[in-house]
Amino acid sequence: MPHPRMYDDDDPYLARLRPLALGFPAATEVETFGRPTFRARKMFAIYGGGTKGPAGTRRQYEHGLIVVPDGEEELAALQEDPRAFVPAYYGPFGWVGIDLAAAAPEEVDWQEVAELLDGSYRQVAGPRLVRRLDEDGGPAGRGGA
C-alpha cells in the first residue's frame, strides 16, 4: 500500500526549496513515505517531518527541512536555533530539522537554506560529486535564492 502524499506541489516553501536542492550535481527528487526527498547517491535533504514521542507531544512540521549538519559546530548552532527540531527517525543519526514556516516564504533566508543543503550534500555525495560542486559553486555559491 503506497504512503499518502504529505505535501502539495504548489507549496510556496517547496517551490523555493526544490530548485535549490536540485541545483547540486546529480541531485534528484524522490518521493519517500509521502514526502519529497533530495538525493545524490544518498539522501541529503527531506522536506516535511515531525518529532517523535507520545501523541500529545509530537509535532508536525509541514514546512520543515531536514538535513545532516556539516560538523559539530553547525550541529551545535542548529540545536540552539528556535526553529530547530529533532526529527523522528532521523534525529538519532545526527539529522536536524529547521521549521521554514517560522517566517513567511519571502522572509526565509534562502542563502542560509542553500548553505544547510550544501553542508548536508557534502556529507553524502562522495568525492567526485563534491569536486563537481566545488568547481561549479552550487546553489550556496550562487547566492541561494
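Two strands are taken to pair if DSSP finds at least two bridges between them. With that in hand, the sheet of this predicted model is a convenient place to start. Strand 4 (residues 60-67) and strand 6 (residues 96-99) meet in the antiparallel sense, joined over 4 bridges. Within this pair, Val67 is found opposite Val96 of strand 6.

The wider sheet is open and is built from 6 strands, arranged in the order 1-2-3-4-6-5 with antiparallel pairing. Its edges are formed by strand 1 (28-32) and strand 5 (84-85), each of which pairs on one side only. As a general reminder, the strands of a sheet pair through backbone hydrogen bonds, in either a parallel or an antiparallel fashion.

Helix 1 packs on this sheet, where it touches strand 1, strand 2 (35-40), strand 3 (42-50) and strand 4. The direction of helix 1 makes about 15° with that of strand 2.

Helix 1 (residues 12-21) also has a helical partner: it packs with helix 3 (residues 110-124) at an angle of about 45°, and the two axes lie 10 Å apart. The two helices are therefore oblique to each other, and their crossing is right-handed. On the helix 1 side, the contact is made by Tyr13, Arg16, Leu17, Leu20 and Ala21, while helix 3 contributes Trp110, Val113, Ala114 and Leu117. Sorted by class, the residues of this contact comprise 8 nonpolar, no polar and 1 charged.

Taken together, helix 1 is in contact both with strands of the sheet and with helix 3.

How values were computed
Residues numbered from 1 in each chain as written. Predicted model: local features only at pLDDT ≥ 70, side-chain atom pairs only at ≥ 80, totals over all residues. Heavy atoms only, no water. Axes fitted to C-alpha atoms, helices over the stretch in contact; angles between N-to-C directions. Parallel < 35°, antiparallel > 145°, perpendicular 65-115°, else oblique. Left-handed = near helix turned anticlockwise from the far one by under 90°. Contact = heavy atoms within 4.5 Å. Nonpolar A, V, L, I, M, F, W, Y, C, P; charged D, E, K, R; others polar.
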